[in-house]
Amino acid sequence: MSIKVVATNRKAKFEYFLLDRYEAGIALQGSEIKSVRAGQVSLTDSYVQVDGREAWLVNAHIAPYDKASRFNHDPKRPRRLLLHRREILELWNAVRQKGVTIVPVQMYLKNGLAKVEIAIAKGKKLYDKRHEIAKRDEEREISREESRRYRF
């Protein structure tokens with residue numbers, strides 16, 4: 001089973017507490033899969049919209065494929081996510097709670113098929129973000145000290 005990560009949404013881990021994760025297939029047009037394989041994907045500011053029966057990946061940018069000419073796709077079009085009905089109902093029930101949303105975490109190719117990892121997420125408060133930044137800075141400083149210690 002070969003997995004090649006194409007795009008990650010690094011902002012999602014900073015902005016949200018990621019609760020449950022799901023793997024979903026994506027319904028793509030012909031030229032879109034070529035752009036995905038080339039790694040021309042951005043998940044920044046994208047989200048998942050669930051209407052009770054279907055799930056859609058909204059605002060994800062897949063760059064137009066150069067060689068597709070007039071058969072190209074709209075880069076920001078909503079794309080249908082391929083999930084089981086039970087999973088869609090779980091997502092639908094989770095989204096109806098206050099402060100909960102669904103965000104794409106990463107897009108990858110698994111055995112030649114484009115997949116997206118989505119997560120049910122709860123928004124972080126400003127103090128949570130500050131705590132995370134302070135923790136990251138502290139870890140960075142510790143690693144610097146260790147590297148200085150072993151240099152000599």
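**Notebook: strand 4 and its sheet**

I began with the sheet of this predicted model, and found that 7 strands make up an open sheet with antiparallel pairing, in the order 1-8-9-2-7-5-4. I then looked for its edges, which are strand 1 (3–8) and strand 4, each of them pairing on one side only. Averaged over the sheet, and with direction ignored, neighbouring strands are turned by 40° against each other.

Next I followed strand 4, residues 47–50, to see which of its side chains are buried. Val48 and Val50 point to one face and are buried, whereas Tyr47 and Gln49 point to the other face and are not. I noted beside this that in a regular strand the side chains alternate between the two faces of the sheet.

I went on to the partner of this edge strand, and recorded that strand 4 and strand 5 (residues 55–58) pair in the antiparallel sense over 4 bridges. The hairpin of these two strands has 4 residues between them, and there I found Gly52 with a positive phi near 105°.

Which residue of strand 5 stands opposite Gln49? I traced this to Trp56, and then followed Trp56 across to strand 7, where its bridge partner is Arg80. Strand 5 and strand 7 (residues 79–82) are themselves paired in the antiparallel sense, over 3 bridges.

Last, I checked what helix 3 (residues 85–95) lies across, and listed strand 2 (16–26), strand 4, strand 5, strand 8 (100–110) and strand 9 (113–123). Against strand 8, I noted that helix 3 runs at about 145°.

Methods
Residues numbered from 1 in each chain as written. Predicted model: local features only at pLDDT ≥ 70, side-chain atom pairs only at ≥ 80, totals over all residues. Heavy atoms only, no water. Buried < 20%, exposed > 50% of the residue type's maximum accessible area, 1.4 Å probe, protein only. Pairing = 2+ DSSP bridges. Axes fitted to C-alpha atoms, helices over the stretch in contact; angles between N-to-C directions. Contact = heavy atoms within 4.5 Å.
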